[in-house]
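Here is an informal walk through this two-chain entry, taking a few helices, loops and strands in turn. Have the model open and follow along.

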Amino acid sequence: MSLWNGDTIKDVSESVGVANLNEDVAKNLAMDVEYRIHQVLQEALKFMRHARRTTLGTQDISNALRVLDVEPLYGYESARPLRFGEASLGQAQPIFYVEDDEVDFEKLINAPLPKVPRDVTFTGHWLAIEGVQPAIPQNPTPSEAARLSETTPKGASSNTTLSAASTLNPTTNETVTIKPLVKHVLSKELQLYFERISTSITDESTTDTIRNAALASLRKDPGLHQLLPYFVQFISEKTTHGLRSLFTLTQMMSLTHALLENDSFFIEPYVSSLIPPILTCLIGKHLGSSSSSSSSSSSDPHSQTPAHYALRDFSASLLKLVCKRFGDSSHTLKPRLTRTCLKHFLDPAKPLPTHYGSIIGLAAIGGREAVRVLILPNTKLYEKVIHPEIEDEGPRKSEAEMCLSALVGVIKQLEEEEEGGGWKGKNGVPPIMPGASAEEVKAQLIGILGELVGEEVWKLRREALVKAVIEAGGMKV
Amino acid sequence: MASQGTSATPGAGAHAAGSPQALNQIVIEYLSKKGYAKTEAMLRVESAHTDHEGRPILSNLDDQPGVKYQKAYSHLKNWIENSLDIYKPELRRLLFPVFVHSFLQLVKEGHTKPSQSFFAEHSVEHAAAHADDLMKLKAISLPQHIDDDHLARLYRENKYKVNFSSTTSNLLIHFLEETEDNGGRVILRIINDHIEMKTIIGRPTMFGEEEGILGEDEGIAGHTSGHSESGAILPVIRLGPLPMPADFMADVEDELREEDAAGGDFSVGLLDEFHKNIKREESEDSLMRGHLPLPPYTGVDIEREVRLVKESREKMKLSGAPAPALPSVLMYTFHNTNDGLQCVDFSEDGTIAAGGFAESYVRIFSLNGKPLVSIIPTENFPVAPKTRRLIGHSGPIYGVSISPDKKYILSCSEDKSVRLWSLDTYTALVSYKGHDSPVWDVRFGPYGHYFATASHDHTARLWSCDHIYPLRIFAGHLDDVDTVIFHPNSAYVFTGSTDKTIRMWDVQTGNSVRLFTGHTGPIMALTISPDGKWLASTGIDSTIMLWDIANGKRLKIMRGHGKTSIYSLTFSMEGTILLSGGADNTVRCWDVAYGTGAPTAEAPEGASATAAAGGGGMLPSGDGTTKTNERMLDSRPDHLQAFYTKRSPVYRVQFTHKNLCLAASANMPNAP
């Protein structure tokens, strides 16, 4: 019934020379010993609390004994946790004892002095500025904080120590030692992981399965937060140095995509670093090696579009994802991106692939609104740039045609989204203007869009689209 | 009477051969035939208590010493659980003292085994509100422990106070008398001996108290002068500011006028600011200047006053509706402390910090990068350092306090002494010896000169720097005094104790003038709003309670630090925001006015009532779709925000006069 065993009392009494201790006496003494231990612990806990600690130390026990007017126990002062050894004597109960290392005196004297422990220092940082916790390395990231907040207020039955322990999730790798001055130390495992992922993604010789597995891991695995800055750095480095290799660029975009997908990352602070690589892949002058692009451009443009257009499309969709996710939290993000794209679109000196990229980029960033406000009014002007190229049958004809199809493609968005808008029903306006013949409508269309694009759009034979374009164009005029 | 008639029924002995049941049957039949309905009913009731052998089962619990308390307690508990919902909360409060005394009585009578099984069986019911006491009681197993143990003596020598509305107490007494033989007598005896049942006017309420919180007047509180029990006359206290001497005020005004003239294109002149916000004149509620003798003012005091006026003008406004604006927190994280840092204090202007270490020294840190120059030239060789160590104590330092004029620092230690150090020379000046146990806390008064200490010896003491003996000894707490703080007008001292109470002491008379009860664990930190009206307290039970000092009533309870200790509290200058820092590595921000019925509170009383009735107060977990921001906030609406540190328990939070919060924490890289 008591934790303290009567037999222990007997053992002790024998060791001090009392041979036949009465059973009842032993039992009573055992209970008393237990009570005294409780008493000492109660006092020791006070010392622990006032020292603002959550673990009881040997020093607390010594202090408690002093307060209780008991001779302190010497020889147990130790900053490190005590190790207990276990020994069994015959069939008796196992005996526990504090393990003491045997120290060779000679060795101890000749050993070099231990290192002086590091001095107590302090660092100051803003924990909160007007109630907002700034995202600086000294503060935990919101995802970490969210996890902390989930674990701390609960644990109705857990005691102080337990709940303190539970504030940190031992399963994740984020419990990496934080050194002063906030130097991140990556664990061996994380370093290895980074190494593996980066080589498997960039190595052209690896199979698709491995690459996919690597990306899937990035997409899903929690606990990689420590690596996020390294990956971001990796992406921008590889993009700037790998402009010639379409493969590398594509892989980098896939990597970016994977990072954006992973829910456990707090990626917001890194968005500004991720944008430049994406923009590079979207509106870069020459993407991929010149030989590959020229070979593909010389081949039939309709059967196979050059691979870099696919990359540009991919980057545009990434951009769209970024805008969708972070456009609300960062007010300057969308305008900045739009301005960049528009600048490239309206600069006739830029190569046509750049135009292509900026057209789809604009559509991706701003959606229908951007098409209506920024692209439609400029289409007619822009035609002057691509018209000669298309007529010319030169090497740049395919590029110009790509731009044309991109334009038509984004203009098509007008209608697609308009259908959801439902102005048709409200106003009761018939799809084609009343009283106007088909030719008149077409003329109007071409008047808005210019000859080339107008023709293309007319060819699509979609009344709603034509209607939408005329509506939008009319608004402008 | 009637029952006697039954036993005298002729023929009872004649049927001795038959079984007792049969005999009863015959008698009952006889009685019903004769029409003795009452007698019959009585016999039925009484005979139900006999077993089939005819021996009474529970003729008298007093004859069964080993189990009587257990049975009586279970009996009472069953009755309470089956009573009406409106009476339950009140009645339940009786259970704990009855439990404790039943247990102690069992031990006292030497029934070790029953006492332990009794404890094991029923202690769980009280774990929520009395975990601390239960832990201490658990060890008691022998009769001699009862006389030896501090807590057991407390319970046996004092009366445990429980408040009852009159209906409830009538019900209870009636029940106990009715079932006297069934355990009622045992309970009655306990109540008579050890419990003070106070009948209060008013109706019992179902929604009054939350689980795990003591009633406001419940418990053992020692001598109770100044307690907010209903009907008691509270000692008069004056919470107004200490007025400034007229000549001092004139000097300060001169100084401010000069400063104003010197320039600065502020919208508010320093003098205006002074008149509006700082000046302290005698008023109805204020003390007389002579009430508290202070040394004559010097140039340093004027300088400080001018600085306060400037800082007050520059301060960030943290008031406003619906919720007050949130403050900025500057966190100083201490590294390589190896858990040795035990307490921190910041100077009023935030330029230096002092830390007390387990290794018996105090360390001063310059926070603004300026070297700590000593006026002793040799001390600055080769260059004046930016951190200095004050060595002199022979035990861990548990409290440090920097004087408001930044000239002195006090430290208290396990070695039972309090030391005064000079911040000009960085040397020890005085060692104050008076406590005969470790000193847990020390704090300078708001005007310097006086300081107060809290000690393990159950007393708090008031000292002045120029006397080596204490001026007042505040005795009354029943256990360690853990923390001490001055009222802003320096005329009162507040102490928090391990006996779970907070007391307010009059410095002038040394009397306890207020008593605040309700916490379920030792009190670890106190703070008073700058206007001197409200008190916030916290402790091991990780709840923060807000009190109205004037009437001694609890205004509200705030929870959110999980189950970990809270180490420090601080009010913003306007008193609208309360910050708390604790072992859960967070600084949390609380809306003070919310739910207190204060005029600034935006939410009506009803809202807080429903919030409280909402129960648990924890958000649903594992809901991945909730936004992080929402999840970070506890569902309690007065919990405004939580700021997390990276594994650094927060030891101190302290608002400066500019409404910037300074915080200190120690980084624990190796924490589990």
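In this predicted model, the buried residues of H7(B) are B:Ala129, B:His130, B:Asp132, B:Asp133 and B:Leu137. Look down the axis of H7(B) and these buried residues fall within an arc of 135 degrees, so they line one face of the helix. Their cover includes H5 and helix H9 (150-157) of chain B. The length of H7(B), residues 127-138, is the odd part: with twelve residues, a straight helix at 1.5 Å a residue would reach 16 Å, but the end C-alpha atoms here are only 12 Å apart.

Chain A offers a helix to set beside that one. Helix H9 of chain A covers residues 228-241, and at 1.5 Å a residue its 14 residues should span 20 Å; the end C-alpha atoms are 20 Å apart, which agrees. A:Phe231, A:Val232, A:Ile235, A:Lys238 and A:Thr239 are the buried residues of H9(A). Viewed along the axis of H9(A), they stay within an arc of 140 degrees, so here too the buried residues line one face of the helix. What do the buried residues of H9(A) pack against? They pack against helix H7 (188-202), helix H10 (246-261) and helix H11 (271-283), all from chain A. On the other side of H9(A), the exposed residues are A:Gln233, A:Glu237, A:Thr240 and A:His241.

While we're in chain A, here is some context. Chain A has 20 helices and five strands, and 31% of its 477 residues count as buried. Of the chain A contacts with a separation of 6 or more, 60% are between residues 24 or more positions apart. A:Leu321 gives one long-range pair to look at: its C-alpha atom is 8.5 Å from that of A:Leu260, with their positions 61 residues apart along the chain. A:Leu321 belongs to helix H13 (residues 307-326) of chain A and, with 16 C-beta neighbours inside 10 Å, counts as partly exposed.

Back to chain B for helix packing. Two packed helices are described by the angle between their axes and the distance between the axes. Here are two pairs:

| Helix pair (chain B) | Axis distance | Axis angle |
|---|---|---|
| H5 (residues 88-108) and H11 (residues 184-194) | within 10 Å | roughly 100 degrees |
| H12 (residues 246-262) and H13 (residues 270-278) | 8 Å | about 140 degrees |

How are H5(B) and H11(B) oriented, given axes that cross at roughly 100 degrees? That angle makes H5(B) roughly perpendicular to H11(B). The residues that meet are B:Pro97, B:Val98, B:His101 and B:Ser102 from H5(B), and B:Ile187, B:Ile190 and B:His194 from H11(B).

H12(B) and H13(B), by contrast, are oblique to each other. On the H12(B) side, B:Glu253, B:Leu256, B:Arg257, B:Glu259 and B:Asp260 make the contacts, and they meet B:Leu270, B:Leu271 and B:Phe274 of H13(B).

Next, the strands of chain B. UniProt, in an unreviewed entry, lists "repeat: WD" for residues 390-431, 432-464, 474-515, 516-557 and 566-592 of chain B. One of these spans, residues 432-464, is 0% helix and 61% strand, with end C-alpha atoms 10 Å apart. Residues 566-592 are 0% helix and 67% strand, and the end C-alpha atoms of that span lie 17 Å apart.

B:Tyr361 sits in strand E6 (residues 361-366) of chain B. With 19 C-beta neighbours inside 10 Å, B:Tyr361 counts as partly exposed. Which residues does B:Tyr361 touch, leaving aside those up to four places away in sequence? The contacts are B:Arg389, B:Leu390, B:Ile391 and B:His393. B:Tyr361 and B:Leu390 are 29 residues apart in sequence, yet their C-alpha atoms are 5.7 Å apart.

Finally, two asparagines with backbone angles to check. Most residues other than glycine have a negative phi. B:Asn585, however, has a positive phi of about 65 degrees, and phi of B:Asn659 is near 65 degrees. B:Asn585 is in the loop between strand E25 (577-582) and strand E26 (586-591) of chain B, while B:Asn659 is in the loop between strand E28 (650-655) and strand E29 (660-666). Are these loop residues buried or exposed? B:Asn585 is buried, with 26 other C-beta atoms within 10 Å, and B:Asn659 is buried with 22.

Note on methods
Residues are numbered from 1 along each chain as its sequence is written. Chains are lettered from A and ligands numbered from 1 in the order in which they are written. This is a predicted model: local features need pLDDT of at least 70, side-chain atom pairs count only at pLDDT 80 or more; totals for chains, interfaces and linings use all residues. UniProt positions are given in the numbering used here, feature names are shortened, and annotations may be inferred rather than shown by experiment. Helices (H or I, at least four residues) and strands (E, at least two) are DSSP runs, numbered from the N terminus. The expected span of a helix is 1.5 Å times one less than its number of residues. A residue is buried if 20 or more other C-beta atoms lie within 10 Å of its own, exposed if 12 or fewer, and partly exposed in between; C-beta atoms are placed from the backbone. The arc is that of the directions from the helix axis to the C-beta atoms. Two residues are in contact if their C-beta atoms, placed from the backbone, lie within 7 Å. Axes are lines fitted to C-alpha atoms, for helices over the stretch in contact, and angles run from 0 to 180 degrees between N-to-C directions. Angles under 35 degrees count as roughly parallel, over 145 as roughly antiparallel, 65 to 115 as roughly perpendicular and the rest as oblique.
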